[in-house]
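The following exercises introduce a protein structure through short tasks. Each task is followed by a worked solution.

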Amino acid sequence: AFSQSDTTYYFKEVGMSIRVPKSFVPVASNEDEQLRLKGEKFIEDANNVQVDASSTKNLLSIRQGQFNYMNITITPYKEKTKNSWQKDNEDVKNMLYKSFVEKVTPKNIDTASSFANVDGVVFDRFEMTIRINPSMTMKMLLYSRFYKGFDFGVAYAYLDKAIGKELDAIIKNAKFKK
């Protein structure tokens with residue numbers, strides 16, 4: 001499914017390389033910043049919290065069309081206790097869920113948590129299916145883990161199932177420097 005015209009990205013901080021089909025375009029940094037601020041406000045309003053993403057570094061944001069988007073980030077993270085990252089990650093998943101419950105009824109949201117092995121690196125995988133209306137369903141996935149001193153996350157959302165398969169392939173075919 002990959003071609004010679006794909007773009008390969010390498011993120012030295014986590015030793016990850018991905019191949020992105022040319023149908024996806026990088027999101028300009030100013031637009032990416034607007035999306036980040038909008039996402040923060042969405043979570044803050046629904047959960048009555050302050051989100052501080054000032055130390056988060058965006059490694060890549062890509063999109064195909066208006067509603068099919070992937071974002072890869074790292075945030076420096078110091079584990080305070082053995083399970084502090086897991087607890088913080090559960091809190092993030094709960095806040096995401098609560099944020100969408102504010103917009104659509106709970107019966108229109110399905111969630112699933114699992115683990116995903118990407119080239120030998122195991123991620124926490126959180127999936128939300130959000131039925132916006134009878135003819136529109138959004139899928140949102142979050143792959144996250146504590147890795148090399150970072151809260152490392154790959155988040156993507158899509159409305160188009162075919163584009164969703166491409167986004168799935170980008171993460172499933174990622175490679176990590178051993």
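How many bridges join E3 to strand E4 (residues 57-63)?

**Exercise 1. Describe the pairing of E3 with strand E4 and place both in their sheet.**

Solution. The model is a predicted one, in which local features need pLDDT of at least 70 and side-chain atom pairs count only at pLDDT 80 or more, while totals for chains, interfaces and linings use all residues. Residues are numbered from 1 along each chain as its sequence is written, and side-chain values use heavy atoms, with hydrogens and water left out.

Step 1. Helices (H or I, at least four residues) and strands (E, at least two) are DSSP runs numbered from the N terminus, and two strands pair if DSSP finds at least two bridges between them.

Step 2. Two bridges join E3 to E4, and these strands run antiparallel. Within this pairing, Val-25 has Arg-63 of E4 as its bridge partner.

Step 3. The open sheet holds seven strands in the order E3-E4-E5-E9-E8-E7-E6, with antiparallel pairing. Its edge strands are E3 (25-26) and E6 (109-118), each of which pairs on one side only.

**Exercise 2. Determine the strand order of the three-stranded sheet and describe the hairpin within it.**

Solution. Step 1. The order is E1-E2-E10, in an open sheet with antiparallel pairing. E1 and strand E10 (175-176) are at the edges with a single partner strand each, so one side of each has no neighbour in the sheet.

Step 2. Strand E1 (residues 7-11) is joined to E2 by five bridges, and the two run antiparallel. Opposite Met-16 in E2 stands Phe-11, and opposite Arg-19 in E2 stands Thr-8.

Step 3. Four residues lie between the strands of the E1 and E2 hairpin, where Gly-15 takes a positive phi near 65 degrees.

**Exercise 3. Compare the length of helix H2 with its expected span, and list its buried residues.**

Solution. Step 1. The expected span is 1.5 Å times one less than the number of residues. For the 18 residues of H2 (residues 84-101) this should give 26 Å, and the end C-alpha atoms are 26 Å apart, which agrees.

Step 2. Buried means under 20% relative accessible area, exposed means over 50%, and partly exposed lies in between (1.4 Å probe, protein chains only). In H2 the buried residues are Ser-84, Trp-85, Asn-89, Lys-93, Leu-96, Ser-99 and Phe-100.

**Exercise 4. Identify the members of the largest nonpolar core that touch the most other members, and the elements that supply the core.**

Solution. Step 1. A nonpolar core is a set of buried Ala, Val, Leu, Ile, Met, Phe, Trp, Tyr and Cys residues joined through side-chain atoms within 4.5 Å.

Step 2. The largest core has 30 residues, of which Met-16, Ile-18, Tyr-143, Phe-152, Val-154 and Tyr-156 touch the most other members. At least two residues come from each of strand E2 (16-20), E4, E5, E6, strand E7 (121-133), E8, E9 and H3. E9 gives the largest share, five residues.

Step 3. A second, separate core has 11 residues, including Met-128, Met-138, Met-140 and Leu-142.

Step 4. Contact means heavy atoms within 4.5 Å. Residues up to four places away in sequence are not counted for Ile-18, whose contacts include Tyr-9, Leu-60, Ile-72 and Ile-170.

**Exercise 5. Analyse the salt bridges that link separate parts of the chain.**

Solution. Step 1. A salt bridge is a side-chain nitrogen of Lys or Arg within 4 Å of a carboxyl oxygen of Asp or Glu. The whole structure contains nine salt bridges.

Step 2. Lys-57 pairs with Glu-13, and their closest N and O atoms are 2.5 Å apart. Lys-57 belongs to E4 and Glu-13 to the loop between E1 and E2, so this salt bridge ties together parts 44 residues apart in sequence. With 42% relative accessibility, Lys-57 is partly exposed.

Step 3. Lys-178 and Asp-119 meet at 3.0 Å, N to O. Lys-178 is in the segment after E10 and Asp-119 in the loop between E6 and E7, so parts 59 residues apart in sequence are tied together. Lys-178 is exposed at 72% relative accessible area, whereas Asp-119 is partly exposed at 28%.

Step 4. A network of salt bridges links Glu-90, Lys-93 and Asp-124.
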